[in-house]
Amino acid sequence: MKDDVHEWLMVRSDLLKELETHLHVYEQVVGVTQRARELLHILSWYESPAPQEHWMTMPDMGHIIASAYNCVVVHLSNVQCLTFLPLQSKPLPSMKRKVFLKKGSPMPPIACNWKKYRLSIAKNWDAAHVAAIQKFNEIIGVDVATKEVIHVN
């Protein structure tokens with residue numbers, strides 16, 4: 001069994017490798033080169049505890065986690081709910097997925113930037129989640145953001 005205490009080191013390393021390997025994609029996804037560089041800085045920390053400037057937060061890490069681990073990432077909070085899908089891989093067959101939603105369960109909308117910046121090979125990741133997203137949209141209140149960027153006046 002691996003030393004679970006240090007699994008976070010592997011996660012940081014995996015996410016940093018994903019970001020570095022596809023930096024040009026993430027520069028587009030986050031909208032500005034400077035923000036992508038800031039994410040590199042955030043992930044480049046290998047001591048515990050990490051100071052606040054190196055905390056991995058959502059939704060910043062959503063696309064990176066989904067792509068690095070080839071999985072669906074659901075971000076739920078009381079102010080923002082999003083689903084992140086891998087940007088550059090084809091969808092996994094249902095028998096290879098590790099987590100399943102109970103039939104009729106809601107799922108937040110897919111992050112808008114996935115649709116804009118995903119490779120064509122990844123285009124069908126969303127097909128399996130249409131009903132769950134519709135269910136979410138039926139029950140969600142207007143106080144919860146379902147987009148990556150929230151404009152505050």
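Helix α6 supplies the largest share of the lining of the largest pocket, contributing 3 residues. This pocket belongs to a predicted model, and it holds about 660 Å³ of space. Altogether 25 residues line the pocket, and those closest to its centre are Val72, Arg97, Val99, Phe100 and His129. Sorted by class, the lining comprises 15 nonpolar, 5 polar and 5 charged residues. A general point helps in picturing such a feature: rolling a probe the size of a water molecule over the atoms shows where empty space is left.

How confident is the prediction in the chain? The mean pLDDT is 89, and 93% of the residues reach 70 or more. Confidence is highest in helix α4 (residues 62-69), at 97, and lowest in helix α6 (residues 130-139), at a mean of 92. The helix with the lowest confidence is thus also the one that gives the pocket the largest share of its lining. As a general caution, where pLDDT is low, the predicted coordinates should not be read in detail.

Turning to the packing of the helices, helix α3 (residues 33-43) is a good place to begin. Which of its residues are buried? They are Ala36, Leu39, Leu40, Ile42 and Leu43. These residues sit on the same side of α3, because they cover an arc of only 160° around the axis. The partners against which the buried residues of α3 pack are α1 (7-21), α2 (23-30) and α4.

One residue of helix α1, leucine 16, gives a closer view of this region. Leucine 16 is buried, because its relative accessible area is 9%, which falls under the 20% limit. Leaving aside residues up to four places away in sequence, leucine 16 touches Leu40, Leu43, Ser44 and Tyr46. Two of these, Leu40 and Leu43, are among the buried residues of α3. Where does alanine 68 lie relative to leucine 16? The two are 52 residues apart in sequence, and their C-alpha atoms are 9.2 Å apart in space.

Helix α2 has its own set of buried residues, namely Leu23, Val25, Tyr26, Glu27 and Val29. The charged residue Glu27 is therefore found in this buried set beside nonpolar ones such as Leu23 and Val25. The cover over the buried residues of α2 includes α1, α3, α4 and α5 (112-117). Just after α2 comes glycine 31, which takes a positive phi of about 95°.

Definitions and conventions: Residues numbered from 1 in each chain as written. Predicted model: local features only at pLDDT ≥ 70, side-chain atom pairs only at ≥ 80, totals over all residues. Heavy atoms only, no water. pLDDT = per-residue confidence, 0-100. Helix = DSSP H or I, 4+ residues; strand = E, 2+ residues; numbered from the N terminus. Buried < 20%, exposed > 50% of the residue type's maximum accessible area, 1.4 Å probe, protein only. Arc of directions from axis to C-beta. Contact = heavy atoms within 4.5 Å. 1 Å grid on protein atoms, 1.4 Å probe; cavity = no way out; pocket = protein on both sides within 12 Å on 5 of 7 lines; lining within 4 Å. Points joined across faces, edges and corners; volume = space filled by probe spheres on them.
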